[in-house]
Amino acid sequence: MTDDRPADSKLTRTKRRWAEERRFIGATPATGARERLPPGQHVVTDWPVLDLGRTPDVATARWRLEIGGLVERPVTLDWAGFTALAETRSRSDIHCVTSWSRYDNDWTGVSTRELLDLAVPRPEAHAVMLHGHDGYTTNVLIEDFAAPDALVAHAWQGQPLSREHGGPARLIIPHLYFWKSAKWIARIELLGADAPGFWESNGYHLRGDPWKAERYG
Ligand SMILES: Nc1nc2c(c(=O)[nH]1)N[C@H]1C(S)=C(S)[C@@H](COP(=O)(O)O)O[C@H]1N2
Ligand SMILES: [Mo]
């Protein structure tokens, strides 16, 4: 989208704050390059399916993505509007809390920053609740949501994302355990304070950094 807002807009200030808060995220430890595989993980080459057991069937004709809560401009995107946004690609590794990791996943979709640019988070927005069409919820801090390689993906390895893996579109936040990457994403809700989602209310860690093995709260 074109950005014709003045340099001191709320959006710019918000971005500046994210930039400051992200200082240490993904930083290389002082001891040198970190291992690719987080502690306690093993590499798989297949792609396991994990969810609550419900697989919503959301045709793109009915698909909507809402961005609301503490935003200046609540947005509801239909499929045409979503796919008309600037497309981004990112390659990343999946780390599931159940201990499997899958390397080199090529995602295509819309960056979370692009989505936030549309809705313009209010200064008091500090956290995000993700809602899936299956009723699943999971929470992240806004700076984790806005990580440079985070996106709402509609394709994996160049093919449309399959329904079992969250198609037509799911969130991908590569630097957190995969339970944070909401499948069948329906709503992105900006909140003033971090609050537990489904698994976080059922014993999982509030943040879920694989490099710190933040598995259980
Ligand atoms: N909507 C929704 N998203 C979800 C889940 C879910 O049950 N519903 N499960 C989470 C968990 S626990 C994991 S490990 C990953 C699994 O994604 P996959 O089935 O594509 O491997 O999705 C996450 N996102
Ligand atoms: Mo999981």
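Searching the whole of this predicted model turns up one cavity of 30 Å³ or more. The volume of this largest cavity is about 50 Å³. To find it on your screen, start from strand E4, which spans residues 88-95 and contributes the most to the lining, with four residues. The lining includes Ser92, Asp93, Ile94 and His95, together with Trp107. Further along the chain, Ile172, Ile173, Pro174, Leu176, Phe178 and Ser181 also line the cavity. Sorted by class, the lining residues are seven nonpolar, three polar and one charged.

Now let us turn to the ligand. Where does ligand 1 sit? The space that ligand 1 takes up is the second largest pocket, and about 340 Å³ of space lies in this pocket. Its lining is made of 22 residues, and those nearest the centre of the pocket are Leu50, Asp51, Tyr136, Phe178 and Trp179. You have met Phe178 already, as one of the residues that line the largest cavity. By class, the lining of the second largest pocket divides into 15 nonpolar, three polar and four charged residues.

Look next at the shell around the ligand itself. Ligand 1 is surrounded by 19 residues, with Pro48, Asp134, His165, Arg170 and Lys183 the closest. The shell is made up of 13 nonpolar, two polar and four charged residues.

Which polar atoms does the protein bring to ligand 1? Aspartate 134 places a polar side-chain atom 2.7 Å from a nitrogen atom of the ligand. Serine 181 takes part through its backbone, where a polar atom is 3.1 Å from a nitrogen atom of ligand 1. Serine 181 also appears in the lining of the largest cavity. Tryptophan 47 meets an oxygen atom of the ligand, with an N or O atom of its side chain at 3.0 Å. With the protein around it, ligand 1 has 98% of its accessible area covered, out of the 530 Å² it has on its own.

Two details of the backbone are worth a visit before you leave. One is a cis peptide bond between glycine 167 and proline 168, with omega about 15 degrees. Proline 168 belongs to the loop that runs between strand E9 (159-160) and strand E10 (170-172). The other is at valine 120, which has a positive phi of about 60 degrees although it is not a glycine. You will find valine 120 in the loop between helix H3 (112-119) and strand E6 (127-132).

Note on methods:
Residues are numbered from 1 along each chain as its sequence is written. Chains are lettered from A and ligands numbered from 1 in the order in which they are written. This is a predicted model: local features need pLDDT of at least 70, side-chain atom pairs count only at pLDDT 80 or more; totals for chains, interfaces and linings use all residues. Side-chain values use heavy atoms; hydrogens and water are left out. A residue is near a molecule or strand if one of its heavy atoms lies within 4 Å of it. A polar contact is a pair of N or O atoms within 3.5 Å; within protein, one must be able to donate a hydrogen and the other to accept it, and residues adjacent in sequence count only if both atoms are side-chain atoms. Accessible areas come from the Shrake-Rupley method with a 1.4 Å probe; for residues, only the protein chains shown count as cover. On a 1 Å grid over the protein atoms alone, a cavity is a set of points where a 1.4 Å probe fits but cannot get out, and a pocket is an open set with protein on both sides within 12 Å along at least five of seven lines; lining residues have an atom within 4 Å of a point. A molecule sits in a cavity or pocket if more than half of its atoms lie within 2 Å of its grid points. Ala, Val, Leu, Ile, Met, Phe, Trp, Tyr, Cys and Pro count as nonpolar, Asp, Glu, Lys and Arg as charged, and the others, Gly among them, as polar. Grid points are joined across faces, edges and corners, and a volume is the space filled by probe spheres set on the points. Helices (H or I, at least four residues) and strands (E, at least two) are DSSP runs, numbered from the N terminus.
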